[in-house]
Amino acid sequence: VQSISHWAPVCIGPYSQANTLRSALVFLAGMIGLVPESMRFIEPTSSEVSSWEVQLCQSWKNAAAVLDGLDDGGRLMGGKLEDSLGALVYVSQTALESLLDVDDTDNYESVPWKRLWSRADIISRESLSCNGGIVMGSVDGSAPDAQPSDVDPSLYDEDGVLYGGYEDEGTWREMTGNTENTTVEES
């Protein structure tokens with residue numbers, strides 16, 4: 001029997017997504033670009049982005065969701081990606097091969113592996129700066145009350161809780177059956 005999660009991928013083997021040492025130091029298992037609801041690799045929605053790029057973004061989002069899920073409201077606090085001491089990013093040879101046919105000989109990053117690491121660095125830094133798009137403290141509808149934003153009040157429920165208390169807009173819309181007007185791009 002395998003469960004379905006709407007906030008982070010379920011374990012696909014006999015391991016734990018995170019282990020906590022002395023209620024303070026968290027070790028995460030490797031994260032891959034699986035969409036939690038389907039347990040399939042995320043696919044790019046545009047030809048301008050390659051599959052490894054969206055999978056890297058999804059991996060950071062999954063890591064952030066697991067960290068957030070650790071907050072038990074008591075002695076164990078979850079964390080944010082920005083609190084990380086370190087991380088390893090592995091990319092496949094096909095990611096490198098996807099950059100081989102780009103003609104950019106006038107650029108410092110004309111060597112494919114330099115372009116690959118430069119792009120992976122940019123994606124990772126963006127994900128770290130926005131916590132992978134995960135709103136902290138909102139797993140299972142326990143988000144603290146917030147005032148609706150003037151920018152997009154539809155992102156708040158009738159009680160003023162961002163994403164209806166779910167950890168991200170995609171989960172909120174799926175759980176409520178509202179798939180219209182998605183404003184946050186799921187990548």
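This report describes the main nonpolar core, two residues and the largest pocket of a predicted model.

The largest nonpolar core has 19 residues. Within this core, the residues with the most contacts are Trp52, Leu56, Leu81, Leu116 and Ile123. At least two core residues come from each of helix H1 (51–69) and helix H3 (112–129). Helix H1 supplies the largest share, 9 residues.

Leucine 81 can be followed beyond the core. When its neighbours within four places in sequence are left aside, leucine 81 is in contact with eight residues listed here by name: Trp60, Ala63, Ala64, Leu67, Ser127, Leu128, Asn131 and Gly132.

Serine 59 lies in helix H1. Its relative accessible area is 13%, under the 20% limit, and serine 59 is therefore buried. Apart from neighbours within four places in sequence, serine 59 is in contact with Met31, Ile32 and Gly33.

The largest pocket has a volume of about 1100 Å³. Its lining consists of 41 residues, and those nearest the centre of the pocket are Met31, Trp60, Ala63, Ala87 and Leu88. Strand S2 (25–28), H1 and helix H2 (93–97) each supply at least two residues of this lining. H1 gives the most, with 8 residues. The table divides the lining by class.

| Class in the lining of the largest pocket | Number |
|---|---|
| Nonpolar | 24 residues |
| Polar | 15 residues |
| Charged | 2 residues |

Helix H1 thus recurs in this account: H1 provides the largest share of the core, holds serine 59 and gives the most to the lining of the largest pocket.

Technical notes: Residues numbered from 1 in each chain as written. Predicted model: local features only at pLDDT ≥ 70, side-chain atom pairs only at ≥ 80, totals over all residues. Heavy atoms only, no water. Core = buried A, V, L, I, M, F, W, Y, C linked by side-chain atoms within 4.5 Å. Buried < 20%, exposed > 50% of the residue type's maximum accessible area, 1.4 Å probe, protein only. Helix = DSSP H or I, 4+ residues; strand = E, 2+ residues; numbered from the N terminus. Contact = heavy atoms within 4.5 Å. 1 Å grid on protein atoms, 1.4 Å probe; cavity = no way out; pocket = protein on both sides within 12 Å on 5 of 7 lines; lining within 4 Å. Points joined across faces, edges and corners; volume = space filled by probe spheres on them. Nonpolar A, V, L, I, M, F, W, Y, C, P; charged D, E, K, R; others polar.
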